[in-house]
Amino acid sequence: MKLIFAVVHAEDAKGAAKELNKKKFGVTKLSSSGGFLRKDNCTLMIGTEDEKVQDVMEVLKETCAKREEIEIVTPYLSEGMQIPNYAYTPIKVEAGGAIVFVVNVAEFWKI
């Protein structure tokens with residue numbers, strides 16, 4: 001048996017959990033913070049048999065893959081106030097991705 005910890009962007013967590021549940025994988029979603037993805041993130045805990053780890057990884061690749069998004073940068077004055085009537089600059093940023101840990105489970109009890 002394996003326990004998979006997947007640290008994913010918070011915006012991807014709900015979709016990933018939904019897809020994993022559709023494929024009959026139990027998922028526990030934990031709010032987390034840290035430096036892995038440099039944005040709001042969640043940790044998904046997934047317990048599964050050894051031979052199904054690759055199935056879980058496929059779902060995570062589909063739902064949490066890295067992608068480019070357009071973000072609008074708002075110019076600010078030094079005091080933190082927005083500059084009115086100023087052209088906003090769209091920039092491409094990388095979003096998504098996951099950090100996944102797969103660990104052996106010594107014992108599993110369902111009580």
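Start by selecting K29 and L44: K29 stands opposite L44 in strand β3. Strands here are DSSP runs of E with at least two residues, helices are runs of H or I with at least four, and both are numbered from the N terminus.

Before moving on, a word about what is on your screen. This is a predicted model, in which local features need pLDDT of at least 70 and side-chain atom pairs count only at pLDDT 80 or more, while totals for chains, interfaces and linings use all residues. Residues are numbered from 1 along each chain as its sequence is written, and side-chain values use heavy atoms, with hydrogens and water left out.

**Stop 1: the sheet**

Now colour the strands. Four of them form an open, antiparallel sheet in the order β2-β3-β1-β6. Two strands count as paired if DSSP finds at least two bridges between them. Which strands stand at the edges? They are β2 (27-32) and β6 (98-104); each has a single partner strand, so one side of each is left without a neighbour in the sheet. Turn the view a little to follow the twist, which averages 20° from one strand to the next. Here angles run from 0 to 180 degrees between N-to-C directions, and axes are lines fitted to C-alpha atoms, for helices over the stretch in contact.

In general, strands of a sheet pair through backbone hydrogen bonds, either parallel or antiparallel.

Next, select β1 (residues 2-9) together with β3 (residues 41-48). Eight bridges join this antiparallel pair. Try two places along it: L3 has G47 of β3 as its bridge partner, and V8 has C42. On the β2 side, β3 is joined to β2 by six bridges, again antiparallel.

Is β3 largely enclosed or open to the outside? Six of its eight residues are buried, so the strand is largely enclosed by the rest of the structure. Buried means under 20% relative accessible area, exposed means over 50%, and partly exposed lies in between (1.4 Å probe, protein chains only).

**Stop 2: N41**

Stay in β3 and pick N41, which is found in that strand. N41 is buried, at 5% relative accessible area. Show its side chain and that of S32: the two make a polar contact at 2.7 Å. A polar contact is a pair of N or O atoms within 3.5 Å; within protein, one must be able to donate a hydrogen and the other to accept it, and residues adjacent in sequence count only if both atoms are side-chain atoms. Leaving aside residues up to four places away in sequence, N41 touches V7, V8, H9, A10, S31, S32, S33 and G34. Contact means heavy atoms within 4.5 Å.

**Stop 3: the helices**

Select helix α2 (residues 53-64). This helix lies across β1, β3 and β6, and runs at about 5° to β1.

Then move to D12 in helix α1 (residues 10-22). D12 is buried, with a relative accessible area of 7%. Not counting residues up to four places away in sequence, D12 touches T63, C64, R67, G96 and G97. One of these, C64, is itself buried at 2%. C42 is buried too, at 7% relative accessibility. The structure holds zero disulfides, a disulfide being a pair of cysteine sulfur atoms within 2.5 Å.

Beyond α1, find K24 in the loop between α1 and β2. Its phi is near 70°, a positive value in a residue other than glycine. K24 counts as exposed, at 74% relative accessibility.

**Stop 4: salt bridges**

How many salt bridges are there? The count comes to three, where a salt bridge is a side-chain nitrogen of Lys or Arg within 4 Å of a carboxyl oxygen of Asp or Glu.

- E19 and K22: their closest N and O atoms are 3.3 Å apart. Both residues lie in helix α1, three residues apart, about one turn of the helix. E19 is partly exposed at 26%, whereas K22 is exposed at 53%.
- E58 and K61: these side chains meet at 3.9 Å, N to O. The two are separated by about one helical turn because they are three residues apart in helix α2. E58 is partly exposed at 35%.
- K52 and E49: the closest N and O atoms are 3.9 Å apart. K52 is partly exposed at 36%, and E49 is partly exposed at 37%.
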